[in-house]
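This report covers a sheet and several salt bridges.

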Amino acid sequence: MPHPQRIAVIDVSHWHARYDAAYLKILRDLRLQIVGVSDRDAEVARQCADEFDSRPFDDYRAMVEESRPEFVIALGRHCDMPETFRYLVDRGIPFVMEKPWGMEAETVAALADLAEAKGAWAAAPFMIRYLPWAQTAKRMRASGEFGTISHIVFRMIRPTMQRYHDWGSPWMYDRAAAGGGALTNLGPHGMDIARFITGEEPEVLSAVISQAVHKAAVEDYALATLRTPSGIIVHNEVGYTMPTWPKNSSDLEQKVAGAKAMLELVPEGLHILTPDRDEVIPAESSFAPGYPLTIRHFLEALGAGNPPPVTARDCARAVQLIHDAYRLAGRAA
């Protein structure tokens, strides 16, 4: 099925341009034309352009005007995202933008309002949705295999904050540029997956944050507890405290526990436990394939004339839950 071939990437000094998500590598692997890369640091833009056979720009507006992309991947500092979002909506260019899209929940909600009012194709890359655990959990929930769900556990503890310095994004230490730490950056995945699996709109019951390990201006650990209208408890735990850097490993736990069945991510794949079944299904147990699957699915959806699989409103709702958690944790606004 035809889909966009000419792609531009905004703010490639963001670590997800070349590391973790590695969007530039995904585009190259998909054999797409990277028509432009931009960054306020002209040298970073040049390095990325040389590595990925593209053209460098130090202004994303000039890049869009000159390279005429069919699709954009927008990165950048969290404080800069609203301006970039509004520009792309105004230009009518389909895009995916890394979360959280802004510093305040009200700002992100207004961006979702704008996207809906303009009919913009704007997507959030909540890649956990595309992994085997989440897909299986959603299917089992829909078919009633869990029975009454008691609780969902989502834990993502990533390596130390040193990785942001080493990967060219030291602004992640700065609350004025990042807005927050682990809860802002990693927490949206857990908030979104709670909504994705349950099909409900949860509320945050309690939350705690800590800066004990890195003593930075932003938190390095957070734990939020949510409850859905039907009573499902969701445990969303995120952090920058995995003591393994420079090995880029993570402490992950993903589990759905119900009256009839439990589904859990284990190193070998997916563990399904019922009264008469105790089976491990081989599957990818890391989140490495999540971003390639997400980008491919987004491009296919756009090519087919379908709306974004993960909408601007999905992002706004996840960010609202994040800021509800900050409020309950007692963080000053």
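Is Asp80 buried or exposed? Asp80 is buried, with a relative accessible area of 17% (buried means under 20% relative accessible area, exposed over 50%, partly exposed in between, with a 1.4 Å probe and protein chains only). This is a predicted model, in which local features need pLDDT of at least 70 and side-chain atom pairs count only at pLDDT 80 or more, while totals for chains, interfaces and linings use all residues. Residues are numbered from 1 along each chain as its sequence is written, and side-chain values use heavy atoms, with hydrogens and water left out.

A salt bridge is a side-chain nitrogen of Lys or Arg within 4 Å of a carboxyl oxygen of Asp or Glu; the count comes to 27. Three of them are tabulated with their N to O distances.

| Acid | Base | N to O distance |
|---|---|---|
| Asp20 | Arg163 | 2.8 Å |
| Asp80 | Arg40 | 3.0 Å |
| Asp113 | Arg313 | 2.6 Å |

Arg40, the partner of Asp80, is exposed at 53% relative accessibility. Arg163 is buried at 1%, whereas Asp20 is partly exposed at 29%. Asp113 lies in helix H5 (residues 105–118) and Arg313 in helix H12 (residues 312–329), so their pair ties together parts 200 residues apart in sequence. Helices (H or I, at least four residues) and strands (E, at least two) are DSSP runs, numbered from the N terminus.

The open sheet has 6 strands in the order S3-S2-S1-S4-S5-S6, with parallel pairing (two strands pair if DSSP finds at least two bridges between them). Strands S3 (56–57) and S6 (122–123) are at the edges with a single partner strand each, so one side of each has no neighbour in the sheet. S1 (residues 6–10) pairs with S4 (residues 71–74) over 4 bridges.
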